[in-house]
Amino acid sequence: MSRNGRARRTPDCTAAGPRPRARARHERRRTDGAEQAFVIGVLTSAADFERAGAWRLSDAPDYGTYLRETAELLTEARRGFDTVRARMFHPQDFEEFCLLHGLDPAEPGARDRYLVNPPLQTQLLAYQGEELAGDFVPRLVRARENGLTLRHADLLLDGGLYEERGRAVREAYQRGAEVFRRMLVGAGAGVYELRLAVDAPGGRLTAAARVLQWEDGVVRINDEDLELVCAVLCAGLARELPGLAVLHGTRGSTADGGGPEEAADRSGDGVGGGAGDQRFRRTAWAWTSGGQGWVPPSAAVRLDGVAAEPGYSLGTVR
């Protein structure tokens, strides 16, 4: 029951569910070792919650209640399914999807098709028990944005990003991953954010990723952010497109009595360190590409409001 005494209705933007009230139309029953999967769409703002009210996705009285009920549903799903995944339920995307396919947005079947639409699978994130409002919802928003960029990159590569990659795309992807690796190795231990922009036909490709790196080289980065960075670098190198990258944050090591997590804790924005703490040093490096490779620019640059000095030569980093 909900707090106001009426029967609680679970959020109805699921493409699988462990109980009838979740309208489990795509529940996969275990056969011959096949795993069960649960997919749910999550409204990520109060404005989206209000906009979607006409489709009866939930009878929660407000967005806060909706998030609590959704968190309960996800927790229950993790007990009954092998895999639980979620994606942002974006009202405008959903309306456009229904218009394109001639669907009634008020019909549950339309929501199912939207959630499991193959071109949008890059927006799905595995749910592993994270706090919904604190961390997971912002990641869902970024995953949608990342997914749109990945689709753009895939189109530039003639579908080669996810299908059987040709030799040229495979080599470009490997080169892009190596560029990112050398940026991080040269930076050393610290907490950083990479901002990347590649000028492409159809609009600029952009990526951003936050990275924690320890003195021993161990790196913490969200999988979806790593995938996006490598894909954008790949598209730029494969299509020989100009680009700009900025790696900024706080450099610090455990040898100095601290570490990346300590630097992040001292930051007001999650990237920089405390201005008065000499163990950590704010840094911002930049690289440009004419399409063939990535090199330091001839002068300081600015990207997304972040000023950066020419970075180190990636060719000298091993």
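Biologist: The loop between helix 1 (46-51) and helix 2 (63-80) contains Arg56. What value does phi of Arg56 take?

Modeller: Please keep in mind that this is a predicted model. Phi of Arg56 is near 55°, which is a positive value in a residue other than glycine. Arg56 counts as partly exposed, with 49% relative accessibility.

Biologist: Which other residue has a phi near 55°?

Modeller: Asp158 has a phi near 55°, and Asp158 is again a residue other than glycine with a positive value. Asp158 belongs to the loop between helix 5 and helix 6. Asp158 has a relative accessible area of 75% and is therefore exposed, since the cut-off for that class is over 50%.

Biologist: Leu157 lies in the loop between helix 5 and helix 6 as well. Is Leu157 buried or exposed?

Modeller: Leu157 counts as buried because its relative accessibility is 8%, and buried means under 20%. One can then ask which residues surround Leu157. Leaving aside residues up to four places away in sequence, Leu157 touches Val169, Cys234, Ala235 and Ala238. Val169 is twelve residues from Leu157 along the chain, and their C-alpha atoms are separated by 7.4 Å.

Biologist: How should such contacts be read for the protein chain as a whole?

Modeller: One sets the separation along the sequence beside the contacts. Of the contacts in the protein chain with a separation of 6 or more, 66% are between residues 24 or more positions apart. The chain has 318 residues, and 50% of them count as buried. The accessible surface comes to about 15300 Å², with 48% of it belonging to carbon and sulfur atoms.

Biologist: How many helices and strands are there in the protein chain?

Modeller: The protein chain has eight helices and eleven strands. Helix 6 (residues 167-187) offers a useful example for the next topic, salt bridges.

Biologist: What is the general idea of such a pairing?

Modeller: Side chains of opposite charge can pair when their charged atoms come close. In this structure, the count comes to ten salt bridges. One of them joins Glu171 and Arg167, whose closest N and O atoms are 3.0 Å apart. These two residues are four residues apart in helix 6, so about one helical turn separates them. Glu171 is partly exposed, at a relative accessible area of 39%, whereas Arg167 is exposed, at 62%.

Biologist: Which residue meets Glu178 in a salt bridge?

Modeller: Glu178 meets Arg182, with an N to O distance of 2.8 Å. Both residues lie in helix 6, four residues apart, which is about one turn of the helix. The relative accessible area of Glu178 is 28%, so Glu178 is partly exposed.

Biologist: Which residues does Arg182 touch, not counting those up to four places away in sequence?

Modeller: Arg182 touches Tyr312, Leu314, Gly315, Val317 and Arg318. Tyr312 is 130 residues from Arg182 along the chain, and 9.8 Å separates their C-alpha atoms.

Biologist: Where do the partners of the salt bridge between Arg139 and Glu224 lie?

Modeller: The side chains of Arg139 and Glu224 meet at 2.9 Å, N to O. Arg139 is in helix 5 and Glu224 is in helix 7, 85 residues apart, and the pair thus links distant parts of the chain. Arg139 and Glu224 are both buried.

Biologist: Let us turn to pockets. How does one find empty space in a structure?

Modeller: Rolling a probe the size of a water molecule over the atoms shows where empty space is left. In this model, the second largest pocket holds about 280 Å³ of space. Its lining has 14 residues, and those closest to its centre are Leu125, Ala126, Arg139, Asp223 and Glu224. Arg139 and Glu224 are also the two partners of the salt bridge just discussed.

Biologist: Which element gives the most to the lining of the second largest pocket?

Modeller: Helix 5 gives the most, with four residues. At least two residues of the lining come from each of strand 3 (125-126), helix 5 (132-156) and helix 7 (223-239).

Biologist: How many residues of that lining are nonpolar, polar and charged?

Modeller: The lining divides into five nonpolar, four polar and five charged residues.

Notes
Residues numbered from 1 in each chain as written. Predicted model: local features only at pLDDT ≥ 70, side-chain atom pairs only at ≥ 80, totals over all residues. Heavy atoms only, no water. 1 Å grid on protein atoms, 1.4 Å probe; cavity = no way out; pocket = protein on both sides within 12 Å on 5 of 7 lines; lining within 4 Å. Points joined across faces, edges and corners; volume = space filled by probe spheres on them. Nonpolar A, V, L, I, M, F, W, Y, C, P; charged D, E, K, R; others polar. Salt bridge = Lys/Arg side-chain N within 4 Å of Asp/Glu carboxyl O. Buried < 20%, exposed > 50% of the residue type's maximum accessible area, 1.4 Å probe, protein only. Contact = heavy atoms within 4.5 Å. Areas by Shrake-Rupley, 256 points an atom, 1.4 Å probe, with all protein chains shown as cover.
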